[in-house]
Number of protein chains: 2
Amino acid sequence: MPRPEVYRTIAAVRAASRQARSRGKLVGLVPTMGALHEGHASLIRRAADECGHVIVSIFVNPIQFDDLGDLSRYPRTRDADLEVCAACGATAVFCPSEAEMYPRGRPLTRVSVSGLTDCLCGATRPGHFDGVATVCTKLFAICEPDKAYFGEKDYQQLLVVKRLVADLNLPVEIVPCPLVREPDGLALSSRNARLSSEERAEALAISRSLFAAIELFERGERSVDALVDAVRSPLTELSLGEVDYVELLGADDLSPIDRVDRNAVLAVAVRFPSARLIDNVLLSA
Amino acid sequence: MPRPEVYRTIAAVRAASRQARSRGKLVGLVPTMGALHEGHASLIRRAADECGHVIVSIFVNPIQFDDLGDLSRYPRTRDADLEVCAACGATAVFCPSEAEMYPRGRPLTRVSVSGLTDCLCGATRPGHFDGVATVCTKLFAICEPDKAYFGEKDYQQLLVVKRLVADLNLPVEIVPCPLVREPDGLALSSRNARLSSEERAEALAISRSLFAAIELFERGERSVDALVDAVRSPLTELSLGEVDYVELLGADDLSPIDRVDRNAVLAVAVRFPSARLIDNVLLSA
């Protein structure tokens, strides 16, 4: 497996992308904040299946953190990340410094997506999705990808990015990829590494409660209240974790629904002392 | 002079731009709202000098109007506009419908540039520069120009666009072009067509007062108060026009200054019953 080229400057990664395209290659981008796990690996492999030039960006984007403690404790595992990129078929890794991405500090220019960002994580993480939308717009402009790969784990982020691409006519196709779980059900997250063993054991209740709701749904339950309650009830009994939200919303636009008579997303966030975890399942009506 | 090709869809204008680039041509974009005058013509000619494929976009962008009356009265002169485009060397004209640009109505996604937009026109036209920044981001993504041409007449707009391009790493060079005046000094504007002959006669006081301030400056005056007063005093005596603002600010970032010891812009807005007019001059320290 050839090592991917590592780029630290915007000019260099853009030039490489243009050169690849001029040789007839499709350009794929997998935007990440590093601390790569099997979820990221699945995105990179998918990109490598579909594109001849695959850029993995690794940048812990400060402007999307609403909690400076979370930013400073965000795991950074550069050498291991490069191994993952190589093993999964990335041809380029873009590791810019903060000064390269934000040479004048916090940028005056912000991209924001209203409507989609008032609920779920948007309600408790002010500015988070503006930071995501802004850095994704920058990464698309820098790397000029034909396709960009996003996990359904961050479901609201996926919708925000799809919407901004549509609204701003950005010439990139957003490819959603399934959430990846540990064998015991825990949704993969870079923040899982911060959990104590007690927290991790409790965190299993999140996916367990979502799976229970799927079973209810498959047996015919369509009431949003009943399905949400099936998730919330077991989670309120946790001793370390505190429920941030449990919501069941329209899958295409996160609009409130009473009954699951169209595709919906059942999404959860739970705050543990060491990390806030999110998870979701899709219910296909 | 060959007639430029007229495109009404995003897909078609983008395809033509990509084809031109693949043939080794530079792509230039002149974003306009139509009602083209000699100011626009100078932008198009400059673009045609520098680029092999010159797109003039003509789109009266509803989301940048804070005043619906101004939007409905904005002059629309399509046939004459196409003549100007042809005569000045444009190779493509992009005339999208509102539904093509905003298929879901007002977009959820907004691009905004803070700091630069609190003063001058930003102070009295809420949302105006967000609308400008959003439509320019769209037009750059649609047309994929190497260079885009903006007049210094809309000086604040020029700085906003330059800043968003820098902050979002958009791969386009912004080319500023000088303001163009009537022989009697009036700054060219599509809105001039709405002025009564009385208003137009009064409006000459705007450029006259700016020229007087330049003369003071050239004789050594560096006090912002004195230079602003040289513009404001004659304008307060107008019977039809009402001063919206007279400001003298740093030319690179519109920051307040006390003395003109760096490059500065002296900018004016005057509200007449039929139209609000703006004008400015640059003072080089």
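**A short tour of a two-chain model**

The crossing of helix H2 and helix H4 in chain A is right-handed. Hello everyone, and let me start right there, with one pair of helices, before we step back. Please keep in mind that this is a predicted model.

So, who are these two helices? H2 of chain A covers residues 38–50, and H4 of chain A covers residues 78–88. Their axes come within 9 Å and cross at roughly 35°. In general, two packed helices are described by the angle between their axes and the distance between the axes.

Which residues make the contact between H2(A) and H4(A)? On the H2(A) side you can find A:His40, A:Ala41, A:Ile44, A:Arg45 and A:Ala48. H4(A) brings A:Val84, A:Cys85 and A:Cys88. Sorted by character, the residues of this contact are six nonpolar, one polar and one charged.

Now let's zoom out to the chain. Chain A is divided into domain 1, residues 5–177, and domain 2, residues 190–283. Between the C-alpha centres of these two domains of chain A there are 26 Å. How many residues of each domain of chain A are in contact with the other domain? In domain 1 of chain A there are 13, and they are in contact with 14 residues of domain 2 of chain A. On the domain 1 side, helix H6 (120–124) and helix H8 (155–167) of chain A each supply at least two of the residues that touch domain 2. That side of domain 1 of chain A divides into nine nonpolar residues, three polar and one charged.

Next, I'd like you to look at one residue, A:Tyr245. You'll find A:Tyr245 in strand E8 of chain A, residues 242–250. Is A:Tyr245 buried or exposed? The answer lies in between: A:Tyr245 is partly exposed, because 16 other C-beta atoms lie within 10 Å, and a residue counts as buried at 20 or more and as exposed at 12 or fewer. Leaving aside residues up to four places away in sequence, A:Tyr245 touches A:Leu120 and A:Ala269. As for A:Ala264, its C-alpha is 16 Å from that of A:Tyr245, and the two are 19 residues apart in sequence.

Finally, the two chains together. A rotation of 180°, with 0.0 Å of shift along its axis, superposes chain A on chain B with an RMSD of 0.0 Å. That is the relation of a two-fold axis. In chain A, A:Val111 has the C-alpha nearest the axis, 2.3 Å from it. And 100% of the interface residues of chain A are also interface residues in chain B, so the copies meet through the same surface.

Thank you for listening!

Note on methods: Residues numbered from 1 in each chain as written. Chains lettered and ligands numbered in written order. Predicted model: local features only at pLDDT ≥ 70, side-chain atom pairs only at ≥ 80, totals over all residues. Domains from an automatic or database assignment. Contact = placed C-beta atoms within 7 Å. Helix = DSSP H or I, 4+ residues; strand = E, 2+ residues; numbered from the N terminus. Nonpolar A, V, L, I, M, F, W, Y, C, P; charged D, E, K, R; others polar. Least-squares fit on C-alpha atoms with pLDDT ≥ 70 in both. Axes fitted to C-alpha atoms, helices over the stretch in contact; angles between N-to-C directions. Left-handed = near helix turned anticlockwise from the far one by under 90°.
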